[in-house]
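Please read the following with the model open beside the text. The account starts at the ligand and then moves outward through the protein.

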Amino acid sequence: MKQALREKIASRSLRVAVIGLGYVGLPLATTFAEAGYDVTGIDVDQQKVDLANKGESYISDISSEVLQQLVDGGRLRFTTDFAALRDIDAVSICVPTPLRKTRDPDISYIISATQQVKDYLHEGQIIVLESTTYPGTTDEVLLPELEASGLVVGKDFFLAFSPERIDPGNPNFGTRNTPKVVGGITPDCTELAQAFYSVAIDTVIPVSSARVAEMTKLLENTFRAVNIGLVNEIAIICEKLDINVWEVIDAAATKPFGFMRFLPGPGLGGHCIPVDPHYLSWKLKTLDYTARFIELAAEVNSSMPHYVVNKINQALNEQKRSLNGSTILVLGIAYKKNVGDVRESPALEVVQELLDHKAIVLYNDDYVPSITLKGRTLHSQPLSSGLLQAADCVALITDHSYYDAPWIVNEARSVVDTRNMTRGIQESKLLRL
Ligand SMILES: NC(=O)c1ccc[n+]([C@@H]2O[C@H](COP(=O)([O-])OP(=O)(O)OC[C@H]3O[C@@H](n4cnc5c(N)ncnc54)[C@H](O)[C@@H]3O)[C@@H](O)[C@H]2O)c1
């Protein structure tokens with residue numbers, strides 16, 4: 001079995017399926033197809049499947065031209081029908097892992113995808129979970145479900161976890177050149193999953209178990225969440241001490257070792273950093289342990305949107321105005337630059353709080369045409385001198401390309417800058433984070 005799979009991998013005759021065609025799955029399916037595998041993308045969203053089959057990309061990192069070529073060449077196809085798994089040798093599962101309202105993990109998408117995989121599980125299949133999740137998910141949730149089919153792991157089929165590290169909008173690192181960690185349930189599972197990925201990914205790092213691979217991803221994202229929390233707190237401390245935090249960070253970053261530059265901001269956003277550490281702390285709660293750093297970082301980071309609103313309030317106060325009735329222009333709604341993803345974006349919380357205080361909120365974000373908050377829909381306004389001058393305060397939230405446009409600050413009446421985008425320009429107008 002193992003040898004047959006190895007031969008299929010070497011000859012690129014391996015038939016691959018990617019389940020879940022979002023920010024992670026569509027680029028992965030494309031990378032597999034570019035590497036020479038025959039690839040089927042499966043999603044429950046008919047609209048995504050239809051677009052992808054027409055070669056129309058809905059993920060900004062994947063060009064429609066590349067997608068079209070692979071689809072036309074017959075190397076890549078998309079379906080909502082899980083029966084396609086019947087003829088598949090290797091499956092990567094890239095479904096969402098959000099939090100419930102209670103901030104507990106919601107692994108229902110993983111469970112549902114696993115049940116579908118189980119229905120078509122057959123001898124000689126490699127199954128890899130990519131969705132970020134708590135340590136133990138692969139062997140405590142997927143393994144029993146898949147073995148209920150009667151097939152045995154490490155003998156009849158091979159199961160592993162390999163965390164996705166994609167950084168949407170990053171021009172230097174994509175799926176292919178971002179090293180990938182793989183940990184299997186048995187040594188053979190690790191070996192085959194490593195061989196499977198090595199065809200499409202430049203560097204694949206095997207680890208001793210799926211749990212180690214799951215924990216590796218959570219360490220990476222907890223590391224970021226905690227360091228962002230620390231630097232956000234340093235920003236608050238610096239304000240109290242009347243010290244410019246940005247100058248402090250720049251100076252500290254001249255140390256060539258032992259310091260890593262993290263920047264303060266309006267809070268955490270995206271599907272990963274605000275969410276993933278809670279998967280870890282939840283798991284620890286089941287073991288009667290409190291993950292203190294995670295809780296503390298979450299407390300500081302989640303207070304930042306409110307801190308930004310306070311800054312806006314301060315800027316208005318200097319003009320003898322109140323939030324109620326003032327016009328606030330928010331620049332940047334996406335959770336980070338150059339993407340249209342608004343999941344968990346702190347800008348949404350800033351906008352909501354401003355609306356709650358009866359401010360008139362306008363926004364510009366070319367990547368986000370509209371947002372709906374508590375039933376109210378706002379549309380991105382074209383950026384112009386008139387728009388800037390109409391605002392009592394401009395809040396720079398996501399950097400996009402505003403950094404390269406000093407006229408924004410020059411034309412605005414007052415600016416709250418959460419990203420230090422406006423260094424050296426009209427200091428008197430600026431309220432920095
Ligand atoms: N977006 C990122 O930057 C990023 C980076 C690293 C890791 N991750 C992790 O990767 C996973 C996927 O994230 P994403 O951003 O691609 O999510 P996404 O929401 O963009 O895409 C997930 C896709 O899965 C589909 N789906 C849901 N249930 C399904 C099912 N049962 N069967 C088939 N398809 C199903 C959805 O329709 C959607 O198209 C998450 O666990 C996330 O934490 C994301």
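The shell around the ligand is made up of 14 nonpolar, seven polar and six charged residues. This is a predicted model, and every distance and area below is computed from it. There are 27 residues around the ligand, and those that come nearest are Val 24, Asp 43, Lys 48, Thr 97 and Thr 132. Among the secondary-structure elements, helix H5, spanning residues 108-119, gives the most to this shell, with three residues.

Several polar contacts can be located on the ligand. The side chain of Lys 48 places an N or O atom 2.7 Å from an oxygen atom of the ligand. The backbone also takes part: a polar backbone atom of Thr 132 is 3.0 Å from a ligand oxygen, and a polar backbone atom of Val 95 is 3.5 Å from a ligand oxygen. How much of the ligand does the protein bury? Taken alone, the ligand exposes 830 Å², and 92% of that is buried by the protein.

Away from the ligand, the surface carries a nonpolar patch. Its area is about 490 Å², and it is made by Leu 230, Ile 234, Ile 237, Leu 241, Ile 243 and Val 248. Helix H8, residues 210-240, gives the most to this patch, with three residues. Ile 234 is found in helix H8, and its relative accessible area is 31%. Ile 234 counts as partly exposed because that value falls between the limits of 20% and 50%. The patch itself takes in residues with over 30% relative accessible area, so Ile 234, at 31%, meets that cut-off.

Gln 125 presents another setting. This residue is found in strand E5, which covers residues 125-129. Is Gln 125 buried or exposed? Its relative accessibility is 1%, and Gln 125 therefore counts as buried, the limit being under 20%. A polar atom of the Gln 125 side chain lies 3.4 Å from the backbone oxygen of Leu 85.

Charged side chains give a further way to follow the chain, with a count of 23 salt bridges. One of them joins Arg 211 and Asp 139, with N and O 3.1 Å apart. Arg 211 lies in helix H8 and Asp 139 in helix H6 (residues 137-147), so this pair ties together parts that are 72 residues apart in sequence. Both partners have some accessible surface: Arg 211 is partly exposed at 34%, and Asp 139 is partly exposed at 26%.

Helix H8 also holds a partner in another salt bridge, between Lys 311 and Glu 239, whose closest N and O atoms are 2.7 Å apart. Lys 311 is in helix H11 (residues 292-318) and Glu 239 is in helix H8, so that distant parts of the chain, 72 residues apart, are linked by the pair. Here the partners fall into separate exposure classes. Lys 311 is buried, with a relative accessible area of 4%, whereas Glu 239 is partly exposed at 35%.

Helix H11 contributes to a salt bridge with helix H10 as well. Glu 295 pairs with Lys 285, and their closest N and O atoms are 3.9 Å apart. Glu 295 belongs to helix H11 and Lys 285 to helix H10 (residues 276-286), ten residues apart. Since a salt bridge is counted within 4 Å, the 3.9 Å separation of Glu 295 and Lys 285 qualifies. Glu 295 is partly exposed, with 30% relative accessibility. Elsewhere, salt bridges link Lys 2, Arg 6, Asp 188 and Glu 191 in a network.

Two residues deserve a look for their backbone angles. Most residues other than glycine have a negative phi. Arg 12, which is not a glycine, has a positive phi near 60°. Its place is the loop between helix H1 (2-11) and strand E1 (15-19), and at 35% relative accessibility Arg 12 counts as partly exposed.

Lys 374 likewise has a positive phi, about 45°, although it is not a glycine. Where is Lys 374 found? Lys 374 is in the loop between strand E11 (370-373) and strand E12 (376-379). Its relative accessibility is 70%, and because exposed means over 50%, Lys 374 counts as exposed.

Technical notes
Residues are numbered from 1 along each chain as its sequence is written. This is a predicted model: local features need pLDDT of at least 70, side-chain atom pairs count only at pLDDT 80 or more; totals for chains, interfaces and linings use all residues. Side-chain values use heavy atoms; hydrogens and water are left out. A residue is near a molecule or strand if one of its heavy atoms lies within 4 Å of it. A polar contact is a pair of N or O atoms within 3.5 Å; within protein, one must be able to donate a hydrogen and the other to accept it, and residues adjacent in sequence count only if both atoms are side-chain atoms. Accessible areas come from the Shrake-Rupley method with a 1.4 Å probe; for residues, only the protein chains shown count as cover. Helices (H or I, at least four residues) and strands (E, at least two) are DSSP runs, numbered from the N terminus. Ala, Val, Leu, Ile, Met, Phe, Trp, Tyr, Cys and Pro count as nonpolar, Asp, Glu, Lys and Arg as charged, and the others, Gly among them, as polar. Patches are made of residues with over 30% relative accessible area and no salt bridge: like charges are joined within 9 Å, nonpolar side chains (Val, Leu, Ile, Met, Phe, Trp, Tyr) within 5 Å. Buried means under 20% relative accessible area, exposed over 50%, partly exposed in between (1.4 Å probe, protein chains only).
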